[in-house]
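Colleague: Please take a close look at how the interior of this model is packed, and walk me through what surrounds it.

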Amino acid sequence: MSEKIKILDPFLPEWLHIRIKNEVMTTRFPWHFPAYAIDNEPDPYKSCFGIVLFDRIAEIDAWDRAPSLTHAFDSFAWESKNWFDIETIMRCRGNMYAPGQDTSPHIDNENEDRWSLLYYLSDSDGGTVVDGQMIQHKENTAVLFDARLNHQAVATTSPCRVTINWIIAGKYKTNTVKL
């Protein structure tokens, strides 16, 4: 793996992962299509379904749609406290891919000290290419990477692939090894 990419496996305690799956992977969850996850997406109808759960700049706060995700982030914050200083959450969105859906290459944020935390909620084929490296989509795994890295979802043949993506302002602690 690149020095800029960290795999967290497992990402969450199993009980919390199952709770989030039960909240998000239901017919009652309000997915939107097209997701418009990427500005200037050349073909937005090839993109995925999505939902913005939190966006600091746009002043969106819809945590009530999946309240257990706040516990997931708290769990990450607790587990990473010795090696990562979190300043704030910038954004959290969900993405659901049907067969054949993907995204164009993109970055999540162009600012220094912004990190993408991509949580794989379901098992699926395909994955995510981050900075030219293929990360397999594995349930209850997360990938933390510099939000300025170019990445894209690889099209799936699975009936449903779900990811949660946080953009975090923060930095590695100076006394720890960086990614």
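Modeller: Happy to, and one term comes up at once: a contact here means heavy atoms within 4.5 Å. By that rule, 76% of the contacts in the protein chain with a separation of 6 or more are between residues 24 or more positions apart. Please keep in mind that this is a predicted model, in which local features need pLDDT of at least 70 and side-chain atom pairs count only at pLDDT 80 or more, while totals for chains, interfaces and linings use all residues. Residues are numbered from 1 along each chain as its sequence is written, and side-chain values use heavy atoms, with hydrogens and water left out.

Let me sketch the frame before going inside. The protein chain has 2 helices and 10 strands, where helices (H or I, at least four residues) and strands (E, at least two) are DSSP runs numbered from the N terminus. Along the sequence they follow the pattern β-α-β-β-α-β-β-β-β-β-β-β. Of the 179 residues, 53% are buried; buried means under 20% relative accessible area and exposed over 50%, with partly exposed in between (1.4 Å probe, protein chains only).

Now to the interior itself. The largest nonpolar core holds 33 residues, and F11, I20, L69, F76, L117, Y119 and W166 touch the most other members. Such a core is a set of buried Ala, Val, Leu, Ile, Met, Phe, Trp, Tyr and Cys residues joined through side-chain atoms within 4.5 Å. At least two of its residues come from each of α1 (14-24), β2 (49-55), α2 (68-79), β4 (84-97), β5 (114-120), β8 (141-146) and β10 (161-172). The largest contribution is that of β10, with 5 residues. A second core, separate from this one, has 8 residues, among them L118, Y120, V130 and L149.

L69 is a good place to look at the large core in detail. Neighbours within four places in sequence aside, L69 contacts I20, E23, L53, W63, Y119, I164 and W166.

The sheet beside this core is open and has 7 strands in the order β1-β8-β5-β10-β4-β2-β3, with antiparallel pairing; two strands count as paired if DSSP finds at least two bridges between them. Its edges are β1 (5-8) and β3 (60-61), each of which pairs on one side only. At the β1 end, 4 bridges join β1 to β8 in an antiparallel arrangement, with L8 opposite A142 in β8. Helix α2 packs on this sheet and touches β1, β2, β4, β5, β8 and β10, its direction making about 45 degrees with that of β10. For such angles, axes are lines fitted to C-alpha atoms, for helices over the stretch in contact, and values run from 0 to 180 degrees between N-to-C directions.

What about the other helix? In α1, the buried residues are L16, H17, I20, E23 and V24. They lie on the same side of α1, because they span an arc of only 125 degrees around the axis, taken from the directions from the helix axis to the C-beta atoms. A general reminder fits here: an α-helix has 3.6 residues a turn, so residues three or four places apart point the same way. W15 and N22 are exposed on the other side of α1. The cover over the buried residues of α1 includes α2, β5 and β10.

One polar residue also deserves a visit. N140 sits in the loop between β7 (133-136) and β8, and with a relative accessible area of 5% it is buried. Sequence neighbours within four places aside, N140 contacts L8, D9, P10, F11, L12, E14, H17, Y119 and Y120.

Finally, V130 of the second core leads to another sheet. That open sheet has 3 strands in the order β7-β6-β9, again with antiparallel pairing, and its edge strands are β7 and β9 (151-154). Strand β6 (residues 127-130) pairs with β7 over 4 bridges, with V130 opposite Q133 and T128 opposite I135. Only 2 residues separate the strands of this hairpin, and D131 takes a positive phi near 50 degrees there. β6 also pairs with β9 over 4 bridges, where V129 has Q152 as its bridge partner.
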